[in-house]
Amino acid sequence: MTTVKKFLCGAAVAGLVAGTGAAVGTSPVALSAVTAEWMLAAEHVLLLGTDGTNLDKILEYAYDDDSGFKMLMDRGVTAATSIVGHQTMSTPSWSTILTGVWDDKHGVVSNVYRPEPYTTWPSVFNLIEYHKPEVDTTVISGRGLFTEMASTGGYPADHIVGISGGATSEEMDALVTAETISRILATTQNPNLDTFMFSYQSQVDHAGHSFSGGSEEYRDAVINVGDNFRQILEAVEQAEAATGDKWTIIAVTDHGHHQTVTLPGFSLGHGFQSPNETSSFIMFSLAGNEAQNGAQNLSYQTVDITPTILQAFGIPMRSDFDGTPMQLDPEILNSTVFPDDLKQALTDAIDSYGYPNIGTDIALSIRALAGGAGFFIGSYLLPPIIDYLQTIVDKDIFLISDLAEGVQWVLNTVGPVVADVATEVGRAIAYLTGAGVIAPNDDPLPLPGGAEFTVPDFGDQDVPLLDIDALLS
């Protein structure tokens, strides 16, 4: 059966193939019939996020048939990417991935969540829900950033699933995996409903912070996420077999990790501009594009992901995106190669990345220190001190416990204020180094219910009615 979306997109794609039209925000491109099939086949899009995962560690520890990473490389196109010249903290990097613009536009500079950037620069969730509310959108995450982002901006995702169980990040990722599989298989009950899902894994980043990116714990976390991805991809294959629909799948990480421990039980992790920190990757399996299975792309960037997802659903591009659809941009398409040894080719690409110029390195180091100060105070500095004071209070030592309780009260009262002030000062300093200095060209999305619909004036003309049954047969 031809779905409604396929019918509506058909004329536009035919025009593109014939050279009579152009996708919004791109130059006119002569597309092949195969490309047209890709655009029409993309009814389900799955974005898999794994935090702080170095591609070189995937190649070292999870490049085997039991790993979902290898399965996805075999199924699509892989790129060793870099975010050098941009912040390497999680929230700024994920904001780039999910808005399609770099930090000089969205202005996110720390892990302290604020809704304002995502009303100015709408997330992929908002853009899908605004332009095509019939697409069923789902976010599955144990991290509040994504559930918050998916609910911000007036056009929230349809299903925002916050995973709160699990005593460890590994256990939480397992719960995320199970929920993702359940929802993928549920699509077989309504195969004509277009779907977008974002599923997030956190354990690799946690292992990197606690033990470093060169640790056995980091290795084990990479292997675990590879196993989780394998289970998810097997569920996709089961859904594809049941319905005949193909899924577009993208896997991405936000940044890399330091390879060494900074302090016992703590690694600095990321935030600056070393090649290990700016390391990222994209694995892209485009629905219907089996001809490029096992290929490497030399031009993918993490900022391309939101435009790619929108293009898959036929949603117009913003004029001020920094990214571009990976399945449509001719420069990106011409950067796809078929190496004899994909693992070695990706390793060579990783080794080719270095530091930015000295001015950029200094500016981003200042931005990282200033922008992250408030989050560090509120999340890493105060909690262990307050917890230690509580152990003294619990011992009920004469005078000492009372003094500890008093200091604890002061920290609980004043500490959040200090963290908030540091955050605002950090944002101001970050702005001076170029964060958030570029305003959007496009108007903000209208408030829900505020857009007006005007019926065209056809005068005395007879307007034929559409035969919906005929269209769907």
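With which residue does aspartate 74 form a salt bridge, and how far apart are the closest N and O atoms? In this predicted model, the partner of aspartate 74 is lysine 70, and the closest N and O atoms of the pair are 3.0 Å apart. Both residues belong to helix α4, which spans residues 68-75, and they are 4 residues apart along it, a spacing of about one turn of the helix. The two ends of this salt bridge fall into separate classes of accessibility: lysine 70 has a relative accessible area of 13% and is therefore buried, since the limit for that class is under 20%, whereas aspartate 74, at 38%, counts as partly exposed. The pair also belongs to a wider arrangement, in which Asp65, Lys70 and Asp74 are linked in a network of salt bridges.

Side chains of opposite charge can pair when their charged atoms come close. In the model the count of salt bridges comes to 14, and two further examples, each set within a single helix, are described here. In helix α10, which covers residues 169-186, glutamate 179 and arginine 183 are separated by about one helical turn, because they stand 4 residues apart. Their side chains meet in a salt bridge with an N to O distance of 2.7 Å. Glutamate 179 has a relative accessibility of 23% and so counts as partly exposed, and arginine 183, with a relative accessible area of 25%, is likewise partly exposed.

The other example lies in helix α12, residues 216-243, where arginine 230 and aspartate 227 are 3 residues apart, which again corresponds to about one turn of the helix. The salt bridge between arginine 230 and aspartate 227 brings their closest N and O atoms to 2.6 Å from each other. For aspartate 227 the relative accessible area is 28%, a value that places this residue among those that are partly exposed.

The packing of helices was examined for two pairs. Helix α8, made of residues 124-131, packs with helix α14, made of residues 305-312, at an angle of about 20°, and the axes of the two helices are 10 Å apart. Because angles under 35 degrees count as roughly parallel, α8 and α14 are described as roughly parallel to each other. The crossing that these two helices make is right-handed. In the second pair, helix α5 (residues 90-99) and helix α9 (residues 144-151) have axes 12 Å apart and pack at an angle of about 40°. This angle makes α5 oblique to α9, and α5 passes α9 in a crossing that is also right-handed.

Attention then turns to a nonpolar part of the surface. A nonpolar patch of about 600 Å² is made there by Ile358, Ile362, Ile366, Val417, Val421, Val425 and Ile429. Two elements, α17 (358-395) and α18 (400-432), give two or more residues to this patch. The largest share comes from α18, which provides 4 residues. One member of the patch, valine 421, has its place in helix α18, and with a relative accessibility of 48% valine 421 counts as partly exposed, because the exposed class begins over 50%.

Definitions and conventions: Residues are numbered from 1 along each chain as its sequence is written. This is a predicted model: local features need pLDDT of at least 70, side-chain atom pairs count only at pLDDT 80 or more; totals for chains, interfaces and linings use all residues. Side-chain values use heavy atoms; hydrogens and water are left out. Patches are made of residues with over 30% relative accessible area and no salt bridge: like charges are joined within 9 Å, nonpolar side chains (Val, Leu, Ile, Met, Phe, Trp, Tyr) within 5 Å. Accessible areas come from the Shrake-Rupley method with a 1.4 Å probe; for residues, only the protein chains shown count as cover. A salt bridge is a side-chain nitrogen of Lys or Arg within 4 Å of a carboxyl oxygen of Asp or Glu. Buried means under 20% relative accessible area, exposed over 50%, partly exposed in between (1.4 Å probe, protein chains only). Axes are lines fitted to C-alpha atoms, for helices over the stretch in contact, and angles run from 0 to 180 degrees between N-to-C directions. Angles under 35 degrees count as roughly parallel, over 145 as roughly antiparallel, 65 to 115 as roughly perpendicular and the rest as oblique. A crossing is left-handed if the near helix is turned anticlockwise from the far one by less than a right angle, and right-handed if clockwise.
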